[in-house]
Amino acid sequence: MHEERAAIPKLGVGLAYQPALRPFLESRGDAFDYLEVVPDILWTDLGVGSTPRYLDDSGGIDFLRRVAAGRPIVPHGIGLSIGTAHRFNRGQLDQIEKWHGWFQFPWHSDHLAWNLAEHGVDELNAGVTLPLPRDRETLAALAPRVAEVRGRLPVPFLLENNVYFFTMPGEQMSDAEFLNTLCTETGCGLLLDLHNVYCNARNHRTDPYRLLSELDLTNVAEIHVAGGMEHATKLGASDVADFLDAGGYAVDLGAGFGMHTIPLAKSGYRVLAVDTSEYLLAELRRQCSDLKVDVAV
């Protein structure tokens with residue numbers, strides 16, 4: 001373990017600050033050991049070239065000072081954009097330095113991601129933390145930026161594992177290998193977000209336990225254990241097939257035109273199609289006959 005990370009204090013259970021939680025924070029200070037804050041919600045960024053660039057929410061800052069009452073305030077930023085190709089947000093780093101003067105936090109963190117992008121002569125903010133390719137080129141770009149962050153602040157710096165919305169072609173490393181190498185080569189620590197691990201496992205059909213077993217957990221200084229929500233989506237036949245025994249029986253309720261019925265039957269499942277619409281069932285019979293697919297309708 002890196003010496004800097006070894007010195008991180010074990011604070012206990014933290015709570016993520018939200019303005020809606022202010023009454024709870026004021027009345028139940030005994031319920032948490034430290035308060036994690038996304039500092040970006042307590043300032044307004046007027047944009048590059050503006051003087052001053054950032055307007056601080058003095059009321060929000062005063063609230064944190066009052067509620068903290070000796071408990072640590074730990075910033076978890078969303079605006080560093082450390083993986084952007086053309087630049088990362090040094091203005092964000094200026095703000096975090098100022099916060100360290102105010103709160104003397106024991107560590108700080110941001111996302112292993114990018115959100116700033118070039119757009120002609122302008123720059124766009126995607127408004128969401130976007131994932132990075134897991135390859136040597138990305139690590140080479142990150143290393144001097146992590147070094148700059150660590151050189152500017154006298155406390156450990158953590159990066160949070162991100163959600164991947166799709167698999168990028170040509171990647172050279174697994175998620176665990178990339179995170180382990182990042183921490184080893186740059187000296188940053190890992191903020192392990194278990195919700196993001198779960199999302200990637202669901203979306204990409206990977207094994208989250210294998211990822212956790214392959215991670216060097218000595219790099220982990222903080223864990224996020226909750227967040228997000230799951231929405232019902234339309235499942236394709238391949239998704240449904242994951243829950244069935246190969247060559248088994250399936251009943252497609254609300255079969256309609258056979259979006260699931262026909263692909264499942266083609267894959268060797270014995271399917272009973274049920275629908276309240278005689279018109280749709282007749283159309284399904286016609287399709288099955290044309291495709292020479294055996295389905296009980």
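1. The loop between β3 (43-45) and β4 (54-56) contains Pro52. In this predicted model, the peptide bond that joins Thr51 to Pro52 is cis, with omega at about -5°.

2. A second point of backbone geometry concerns Ser81, which is found in the loop between β5 (73-75) and α4 (90-103). Ser81 is not a glycine, yet its phi is positive, near 50°. Is Ser81 buried or exposed? Its relative accessible area is 2%, so Ser81 counts as buried, the cut-off for that class being under 20%.

3. Arg205 also deserves inspection. This residue lies in the loop between α7 (194-204) and α8 (208-214). Arg205 has a positive phi of about 55°, although it is not a glycine. Its relative accessibility is 52%, and Arg205 therefore counts as exposed, since that class begins over 50%.

4. On internal space, the structure holds one cavity of 30 Å³ or more. The largest cavity encloses about 80 Å³ of space.

5. Which residues line the largest cavity? The lining is made up of Pro75, His76, Gly77, Leu80, Gln92, Leu93, Ile96, His108, Ser109, Asp110 and Phe157. At least two residues of this lining come from α4, and at least two from β6 (108-111).

6. By residue class, the lining of the largest cavity comprises five nonpolar residues, five polar residues and one charged residue. Asp counts as charged, and Asp110 is among the lining residues.

Conventions
Residues numbered from 1 in each chain as written. Predicted model: local features only at pLDDT ≥ 70, side-chain atom pairs only at ≥ 80, totals over all residues. Heavy atoms only, no water. Helix = DSSP H or I, 4+ residues; strand = E, 2+ residues; numbered from the N terminus. Buried < 20%, exposed > 50% of the residue type's maximum accessible area, 1.4 Å probe, protein only. 1 Å grid on protein atoms, 1.4 Å probe; cavity = no way out; pocket = protein on both sides within 12 Å on 5 of 7 lines; lining within 4 Å. Points joined across faces, edges and corners; volume = space filled by probe spheres on them.
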